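Student: I have a structure open and have not looked at it before. Can you walk me through it?

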Amino acid sequence: LSSHRDSSLCALFIMEGSAVPPKGTTSQNNPLYSRIHLSEFPEHYESIMSQFDHDKDGNLDPSEIEKMISVYADIKKANLTNSIPISSLPASLHKKLAVFDADESGW
């Protein structure tokens with residue numbers, strides 16, 4: 001991702017109602033713990049964001065947002081370290097590749 005797109009993506013997460021609250025927070029005790037409808041994102045991001053809408057309800061719920069952030073963080077780290085997390089590869093390869101993970105970091 002380019003730095004402009006990086007900053008745009010980060011800005012999406014600080015919009016009112018879009019913050020991912022601390023673990024243990026529920027929609028009953030925190031109004032920020034809500035879903036974000038895909039149409040709330042700029043049009044050019046909707047197709048990207050829809051890839052994380054696993055239940056295909058047109059919304060990103062907190063667990064889907066956490067997954068998206070995790071994937072983004074893995075991509076950033078992969079670019080810096082020239083490596084990829086084993087968990088990002090097909091599950092059938094995890095045990096086979098773990099043999100090469102000398103420090104057991106998952107990378």
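Tutor: One term to begin with: helices (H or I, at least four residues) and strands (E, at least two) are DSSP runs, numbered from the N terminus. Glu46, for instance, has its place in helix α2.

Student: What kind of model is this, and how are residues numbered?

Tutor: This is a predicted model, where local features need pLDDT of at least 70 and side-chain atom pairs count only at pLDDT 80 or more, while totals for chains, interfaces and linings use all residues. Residues are numbered from 1 along each chain as its sequence is written, and side-chain values use heavy atoms, with hydrogens and water left out.

Student: What is the average pLDDT?

Tutor: pLDDT is the predictor's confidence in each residue, from 0 to 100. The protein averages 76, and 69% of the residues score at least 70.

Student: Where is confidence lowest, and where highest?

Tutor: Helix α1 (residues 3-12) is lowest, with a mean of 44, and strand β2 (residues 59-60) is highest, at 90. Over residues 1-19 the pLDDT is below 50. Beyond near neighbours in sequence, that stretch has 27 contacts in the model, a contact being heavy atoms within 4.5 Å.

Student: How many helices and strands are there, and in what order?

Tutor: The protein has four helices and two strands. Starting at the N terminus, the order is α-β-α-β-α-α.

Student: How much of it is buried?

Tutor: Of the 107 residues, 26% are buried. Buried means under 20% relative accessible area, exposed over 50%, and partly exposed in between (1.4 Å probe, protein chains only).

Student: Which residues form the largest nonpolar core?

Tutor: Nine residues do: Ile36, Leu38, Phe41, Tyr45, Met49, Phe52, Leu60, Ile65 and Met68. A nonpolar core is a set of buried Ala, Val, Leu, Ile, Met, Phe, Trp, Tyr and Cys residues joined through side-chain atoms within 4.5 Å. Two elements, α2 (43-50) and α3 (62-81), give two or more residues each to this core.

Student: Take Phe52. What is it in contact with?

Tutor: Not counting neighbours within four places in sequence, Phe52 is in contact with Leu60, Glu64, Lys67, Met68 and Val71.

Student: And Glu46, from the start: which contacts does that one have?

Tutor: With the same neighbours within four places left aside, Glu46 is in contact with Leu38, Ser39 and Phe41. Glu46 is partly exposed, at 28% relative accessibility. Its C-alpha is 9.9 Å from that of Gly58, twelve residues apart in sequence.

Student: Change of topic. How many salt bridges are there?

Tutor: A search of the whole structure finds one. A salt bridge is a side-chain nitrogen of Lys or Arg within 4 Å of a carboxyl oxygen of Asp or Glu. Here Arg35 pairs with Asp57, and the closest N and O atoms are 2.3 Å apart.

Student: Why does that pair tie together separate parts of the chain?

Tutor: Arg35 lies in the loop between α1 and β1 (36-37) and Asp57 in the loop between α2 and β2, so the pair links parts that are 22 residues apart in sequence.

Student: Are those two buried or exposed?

Tutor: In between. Arg35 is partly exposed, at 48% relative accessibility, and Asp57 is partly exposed too, at 30%.

Student: Which charged residue is buried yet has no salt bridge?

Tutor: Asp101 is one such residue, and the nearest side chain of opposite charge, Lys77, is 9.5 Å away. For charge, Lys and Arg count as positive and Asp and Glu as negative, while His and the chain ends are not counted.

Student: Where is Asp101, and what is around it?

Tutor: Asp101 is in the segment after α4 (91-98). Leaving out neighbours within four places in sequence, Asp101 is in contact with Ile86, Gly106 and Trp107.

Student: Which residues have a positive phi although they are not glycine?

Tutor: Lys56 is one of them, with a phi of about 55°. Lys56 sits in the loop between α2 and β2 and is exposed, with a relative accessible area of 61%. Glu104 also has a positive phi of about 55°. Glu104 is in the segment after α4 and is exposed, at 72%.

Student: Last one: is Lys96 buried or exposed?

Tutor: Lys96 lies in helix α4 and is exposed, with a relative accessible area of 58%. The C-alpha atoms of Lys96 and Ile86, ten residues apart along the chain, are separated by 9.9 Å.
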